[in-house]
Amino acid sequence: MSARRVVYAVNPSAGRGVPAELGRRLAGGVGGGQLPDLEVVLVTAGSMPELRSRVAAELAHPGGVDALVVMGGDGMVSLGAGLVAGTGVPLGIVPAGTGNDFARSAGIRRDAPAVGIERMLTALRTGDAGVREVDVVRLALDGVEHVALNSVNIGFDAVVNRRANELRRLPGTARYIAALLDSVRSFSPLEFGVTVDGGPTRAVAAELLAILNGSSIGGGIRVAPRAVIDDGALDLFVVGRLSKLGLLTLFPLAMVGLHTRLPAVSFERMRCIRVQVPAGVLVYADGEELRGPGRDACTLDVRVDPGALRLVQPQASA
């Protein structure tokens, strides 16, 4: 595909020092040939809600938009997917977050963001970009609908995610492991009601439930090694009752692919799931908090929307 007008949205806290003005500098100045210059509409904001609103306004521009490109981590990718999934507008991803787990599953290179955005805009301008249709995770919680691309995390994993978001000085997986060590001391097993693909509701005693479209969480911890982002299915990853020592070793074992041998670990392929979430249990999606502590019990509905997102694939992606 090629593009003439692209909306380029930058996470307020992402980029690792890459100036947002990079998009303007590259507009019309990358590549060559006989194609007209690429118009890049740079969108920034002081907060994610404000950024979402501004991007939505640009996508509604009367002149049309050929692609939305987002720079950031999984939360930013989720924001972009929520705006363009099902619309036909392709989404380009420039990884610049801590985990970048969806980018890993999509085979998108995670080198310097400056290299990534230049590669992306060059491919769009010259017509070298491809498009891949990938699945979207749609969920409803407390009557509010959300979109995710990589994972929905409930229970202990969400607790670790929350703590990891506070440890911003540590890089990637190191942050997640540090959060794991800090969180395991006060965590207790949970009781869920689970209904998969419209079947009977069953009681599940577990430390965590994770619903995955991508294969990894925590910056490359492949907890669902068979998950594929364009197979029309989701993977349910359940960790049953484990001792605190078992929880401490779970994710390090997952880093080397050995967690699948634990009797407490199970996987299930599905298209939709309903989870009765106990009071006070955290729910996260793509690294962003959807339900914090101190809340009442609730029902979470999650389903896959096959091929709902057109993902831009620069020629140099690997």
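Colleague: How do the residues lining the largest cavity divide into nonpolar, polar and charged?

Modeller: Keep in mind that this model is predicted. The lining has six nonpolar, two polar and two charged residues. I93, I108, G116, R119 and P314 lie nearest the cavity's centre.

Colleague: Why is G116 called polar and R119 charged?

Modeller: Gly counts as polar and Arg as charged, so G116 and R119 fall into those groups. Ile and Pro count as nonpolar, so I93, I108 and P314 go there.

Colleague: Why is this space called a cavity?

Modeller: A 1.4 Å probe must fit but be unable to get out. The volume is about 60 Å³. The count takes in cavities of 30 Å³ or more, and it comes to one. Among the elements, β4 (91–95) and α5 (113–126) each give at least two lining residues.

Colleague: What makes the other space a pocket?

Modeller: A pocket is an open set of points, so the probe is not shut in. The second largest pocket holds about 540 Å³ of space. Its lining has 21 residues, and S78, E145, H146, V147 and L290 lie nearest the centre.

Colleague: Which element gives the most to that pocket's lining?

Modeller: Helix α3, with five residues. Elements that each supply at least two include α2, β6 (144–148) and β15 (288–291). The pocket's lining divides into 10 nonpolar, four polar and seven charged residues.

Colleague: How do you know that α2 and α3 are in contact?

Modeller: Contact needs heavy atoms within 4.5 Å. M48, L51, R52, V55, A56 and L59 of α2 make the contact with G75, M76, L79, L83 and V84 of α3. These residues divide into nine nonpolar, one polar and one charged. Arg counts as charged and Gly as polar, so R52 and G75 are the charged and the polar one.

Colleague: What describes the packing of two helices?

Modeller: The angle and the distance between their axes. For α2 (residues 48–59) and α3 (residues 74–84), the axes come within 11 Å and cross at roughly 35 degrees.

Colleague: Why is this crossing called right-handed?

Modeller: The word applies when the near helix is turned clockwise from the far one by less than a right angle. The crossing of α2 and α3 is right-handed, so its turn is clockwise.

Colleague: Where is the predictor's confidence lowest and highest among the elements?

Modeller: Helix α1 (residues 22–26) has the lowest mean pLDDT, 53, and strand β16 (residues 298–313) the highest, 97. Over residues 27–35 the pLDDT is below 50. The protein's mean is 86.

Definitions and conventions
Residues numbered from 1 in each chain as written. Predicted model: local features only at pLDDT ≥ 70, side-chain atom pairs only at ≥ 80, totals over all residues. Heavy atoms only, no water. Axes fitted to C-alpha atoms, helices over the stretch in contact; angles between N-to-C directions. Helix = DSSP H or I, 4+ residues; strand = E, 2+ residues; numbered from the N terminus. pLDDT = per-residue confidence, 0-100. 1 Å grid on protein atoms, 1.4 Å probe; cavity = no way out; pocket = protein on both sides within 12 Å on 5 of 7 lines; lining within 4 Å. Points joined across faces, edges and corners; volume = space filled by probe spheres on them.
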